[in-house]
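Please walk me through this structure, starting with how its strands are arranged and then turning to its helices and to a single residue.

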Amino acid sequence: MRKLNQVLFAVATLTFTSCNTQKEEINYQVIPLPQEVVVNQETPFTLQETTKILYPEGNELLKRNAEFLSGYIKEATGKELDIATITSESTPPNAIVLGLDKSIVEKEGYELTVSSRQITINGQTPNGVFYGIQTLRKSIPAIVAGAKITLPAVTIKDYPRFSYRGMHLDVGRHFFPVEFVKEYIDLLALHNMNTFHWHLTEDQGWRIEIKKYPRLTSVGAYRPYTQTGYKHFHAPVIPDGVEHQGFYTQEDIKEIVAYAEQRYITIIPEIELPGHSSAAVAAYPELSCGIKKEYEVVKNFGIFDNVFCPKETTFQFLNDVFTEVAELFPGKYIHIGGDECPKAAWKQCKHCQQLIKNLKLKGESGLQSYFIHRVEKILNAKGKQLIGWDEILEGGLAPNSTVMSWRGEQGGIKAAQAG
């Protein structure tokens, strides 16, 4: 009997839904949920084919925001709304009006107001207006074309709780094409995120074109197969028999950076060092300590001894690489990894041991700190700041660096205590 009741309820629900496909009232319960949502007992706003999206004349960023909103609404509802500038005359009825309001306290905050006459989205900055647009966009479900869409009268006041809101994508171990990366950025924008951490190099692949060092991609972006059947570090490697390759040209990078900027997202590139560098030393073995007869792009997963050797030629290589990387990414940060760097090669390397002795370093951990300090100076000289995983705390933190703690809270606490 209980199953029968459930079936009848499901049928009733489907019947009710099918009878109401021509009228849709939107819901403001979106993710992330705004700080304050006050629904008013007033006549709702009806979205029509004649609804216009208005922006201040001469403001190119808000014009672009208006174009995004028009595209989102067309995608969801099939309605293609015209875009126009706000004139000195009174605002026409049934309009969506974008604007800036310096009285909004938070830099990325916005206020979204819906009345029977119009919808207004104001922000302290164009970023804030963009986030207000995302809230409106997510409130409108994908519906049957031609349906009547009403928006309940509401006042929404919102701002992000965190200034850094990011996601990480590792394309070193598995390459993803440009169109996928753009889709990923669109999902970040949908959720009001402002940072894309792009992990571009790894033991399993080097994915960014560096014109001065073409072998980084001609050799480092390719592996003949990938490990499958992974269970633990010492499991037998079962090859999948599939060639894996791919990298982003500098033109690809510029295209993706511009795409992200249009959505108020800053990209932080990650170039791994001194560990997780198998692909780089496979391309240029002279960057290693030379403890192996040959180096290759690894096909399995784990932690490997194929690390950069702290020689002057290595630092010149990194200076050249970061010169090109810094020109491609306008953000202030470059991530250098710094995690999971085995010291076996350094322990066997005469140059490394002499360097530890000459500089009076505290063993190989001190040598890693020395390495990170040298790289930080390279980045600072290019107007960039260094971010690294919490292993860069070991042996002493570089003075202007930022720590991203992946192993727990302690790394973050220790970094904060170090300033």
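**Sheets, helices and one loop residue**

In this predicted model, an open sheet is built from 6 strands in the order E11-E12-E19-E20-E21-E22, with parallel pairing. Strand E11 (166–170) and strand E22 (402–404) stand at the edges; each has a single partner strand, so one side of each lacks a neighbour in the sheet. On average, neighbouring strands of this sheet are turned by 25° against each other, direction ignored.

One edge of the sheet can be followed in detail. E11 and E12 run parallel and are joined by 5 bridges. His168 has His197 in E12 as its bridge partner. Helix H8 (residues 312–328) packs on the sheet, where it touches strand E19 (266–273) and strand E20 (333–337). The direction of H8 makes about 165° with that of E19.

Next comes the loop that leads into E12. Asn194 lies in this loop, between helix H4 (178–190) and strand E12 (195–199). Is Asn194 buried or exposed? Its relative accessibility is 10%, and buried means under 20%, so Asn194 counts as buried. The side chain of Asn194 makes a polar contact with the side chain of Thr195, at 3.0 Å. Apart from neighbours within four places in sequence, Asn194 is in contact with Glu108, Tyr131, Ser163, Tyr164, Arg165, Tyr264, Ile265 and Thr266.

Another group of strands involves E10. Strand E2 (residues 36–39) pairs with E10 in the antiparallel sense over 4 bridges, and Val38 stands opposite Thr155 in E10. Strand E7 (residues 110–114) also runs antiparallel to E10, and 5 bridges join the two. Here Leu112 stands opposite Ile156 in E10.

The side chains of E10 (residues 154–158) alternate along the strand. Val154, Ile156 and Asp158 point to one face and are buried. Thr155 and Lys157 point to the other face and are not buried.

The last part concerns a pair of helices. Two packed helices are described by the angle between their axes and the distance between the axes. For helix H10 (residues 350–359) and helix H11 (residues 363–381), the axes come within 10 Å and cross at roughly 85°. Angles of 65 to 115 degrees count as roughly perpendicular, and H10 and H11 are therefore roughly perpendicular to each other.

Which residues meet where H10 and H11 are in contact? From H10 they are Cys352, Gln353, Leu355, Ile356 and Leu359, and from H11 they are Gly363, Glu364, Leu367 and Tyr370. The residues of this contact divide into 6 nonpolar, 2 polar and 1 charged.

Notes
Residues are numbered from 1 along each chain as its sequence is written. This is a predicted model: local features need pLDDT of at least 70, side-chain atom pairs count only at pLDDT 80 or more; totals for chains, interfaces and linings use all residues. Side-chain values use heavy atoms; hydrogens and water are left out. Buried means under 20% relative accessible area, exposed over 50%, partly exposed in between (1.4 Å probe, protein chains only). A polar contact is a pair of N or O atoms within 3.5 Å; within protein, one must be able to donate a hydrogen and the other to accept it, and residues adjacent in sequence count only if both atoms are side-chain atoms. Contact means heavy atoms within 4.5 Å. Two strands pair if DSSP finds at least two bridges between them. Axes are lines fitted to C-alpha atoms, for helices over the stretch in contact, and angles run from 0 to 180 degrees between N-to-C directions. Angles under 35 degrees count as roughly parallel, over 145 as roughly antiparallel, 65 to 115 as roughly perpendicular and the rest as oblique. Ala, Val, Leu, Ile, Met, Phe, Trp, Tyr, Cys and Pro count as nonpolar, Asp, Glu, Lys and Arg as charged, and the others, Gly among them, as polar.
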